[in-house]
Structure formats: C-alpha cells, structure tokens
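Let's take a friendly tour of a protein model, starting with pairs of charged side chains and ending with how far the prediction can be trusted. Have a look at the structure first.

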Amino acid sequence: MGSHIKRVASAEQGEVREVMDGIRRLVRLLRVSARASEQLVGISGAQLFVLQRLAEAGPCSVNTLAEQTLTHQSSVSTVVARLIERGLVTRRPSPRDGRRVEVSLAPAGRALLREAPPMAQAQLIAGLRRLKPDVREGFARGLSALVSELGLDGDSPPLFFEEEAKPRGRRKEKSNGAA
C-alpha cells in the first residue's frame, strides 16, 4: 500500500475513533445521569427530565411539553402517563379553554424535584445551544447522515433510556393441538 493510501486510512481511522469516543462519552454521561435519577428519587431519567421541564414551563399541554423536551409528543405522552400513575403529575381541563387538557406538577412531583439531581439531557441541550451555529448545523447534518446510513431514521425516538411503549397487537391464541 502506498504512503498516501496509508495516511488516508490512518486519518479515517482517527476520525472514526474520535467520533466513537465522543459518542461513548455522551452515552456514559446520559447513563450515569439516568442511574442517579433512579437511585436518588426512584424514577427514570426520562421521567425526571420531563418533570423538570414541566416545573420550568408551568401547567401546559403535552404538545408544549414535547417542545420543551425537544421530543415527539407521543414519547412525552407515554412518560406523562407514567408520572400521572405515580401521582407526580395531574391532568385537567385548561381553565382558559375547557377543550384543552393541561398537565401540571402535583405536590408529590414538586417534593420529588427538591431531592432530584440535574439531568444530563438539560446539560446536553445547553451545550448544543452554545455551539457556534455553523458547528451545530454541521453536527446536525453529520449525525442525520449517520442515522440514515444505519437505517435508524423514521420513527420518533423515545426519550433517553425510557422504555418504549409495548405495541398493541392481537394476543396469540393458545393452540389446541389441532392442525
């Protein structure tokens, strides 16, 4: 192999390693944050992130909360349903428009937030916003290209480390042995 080809292969190897190292650091930050949430306050990192954003936004629709979390409405709706089940969030008709439903922190949710650690998602969003616009745009294009190359584009991704809702389907019927 010629020296030019070796240099190109070596440069490519270094770039790929740099990207992989960056992804590993980000995933570790998010995983450690999610574990801290579960250990300190007993809810998933995604649930805590939604609670924290709801505290900042005040009573709002699930769509508004999705905007606040930079996530798809269906993902936030799943997390909000879990928070309602735990008594940390309430859902009621909007006092301004009875056709609209708002979610808000319940007293138990406020109490939990006083004990909660900051979430890495907020740190990640703040870091992305601090990047120079051309760097952020290049990063977005590159990441989108990688996601597409891996065939991962399409469905709306859930919040970090949140279990996805199980698909509803027909239950299998038990076989009685007849063919």
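D97 and R99 form a salt bridge, and their closest N and O atoms are 3.1 Å apart. This model is predicted, so keep that in mind as you read. D97 is partly exposed, at 26% relative accessible area, while R99 is exposed at 77%.

The count of salt bridges comes to six. Here are some of them, including the one you just met:

| Salt bridge | Closest N to O | Relative accessibility of each partner |
|---|---|---|
| D97 and R99 | 3.1 Å | D97 26%, R99 77% |
| E102 and R96 | 3.0 Å | E102 2%, R96 66% |
| E137 and R141 | 2.9 Å | E137 48%, R141 54% |

Which partner is buried and which is exposed in the pair E102 and R96? E102 counts as buried because its relative accessibility is 2%, under the 20% cut-off. R96 counts as exposed, because 66% is over 50%.

E137 and R141 sit four residues apart in helix α7 (residues 133–149), about one turn of the helix. Elsewhere, R17, D21 and R24 are joined into one network by salt bridges that share partners.

Now for the nonpolar side chains. The largest nonpolar core has 26 residues, and L83 is among those with the most contacts inside it. Helix α2 contributes the most to this core, six residues. Beyond its neighbours within four places in sequence, L83 touches I43, Q47, V50, L51, L88 and V89.

Finally, confidence: the chain averages a pLDDT of 86. Over residues 167–179, however, the pLDDT is below 50. Where pLDDT is low, the predicted coordinates should not be read in detail.

Methods: Residues are numbered from 1 along each chain as its sequence is written. This is a predicted model: local features need pLDDT of at least 70, side-chain atom pairs count only at pLDDT 80 or more; totals for chains, interfaces and linings use all residues. Side-chain values use heavy atoms; hydrogens and water are left out. pLDDT is the predictor's confidence in each residue, from 0 to 100. Contact means heavy atoms within 4.5 Å. A nonpolar core is a set of buried Ala, Val, Leu, Ile, Met, Phe, Trp, Tyr and Cys residues joined through side-chain atoms within 4.5 Å. Buried means under 20% relative accessible area, exposed over 50%, partly exposed in between (1.4 Å probe, protein chains only). Helices (H or I, at least four residues) and strands (E, at least two) are DSSP runs, numbered from the N terminus. A salt bridge is a side-chain nitrogen of Lys or Arg within 4 Å of a carboxyl oxygen of Asp or Glu.
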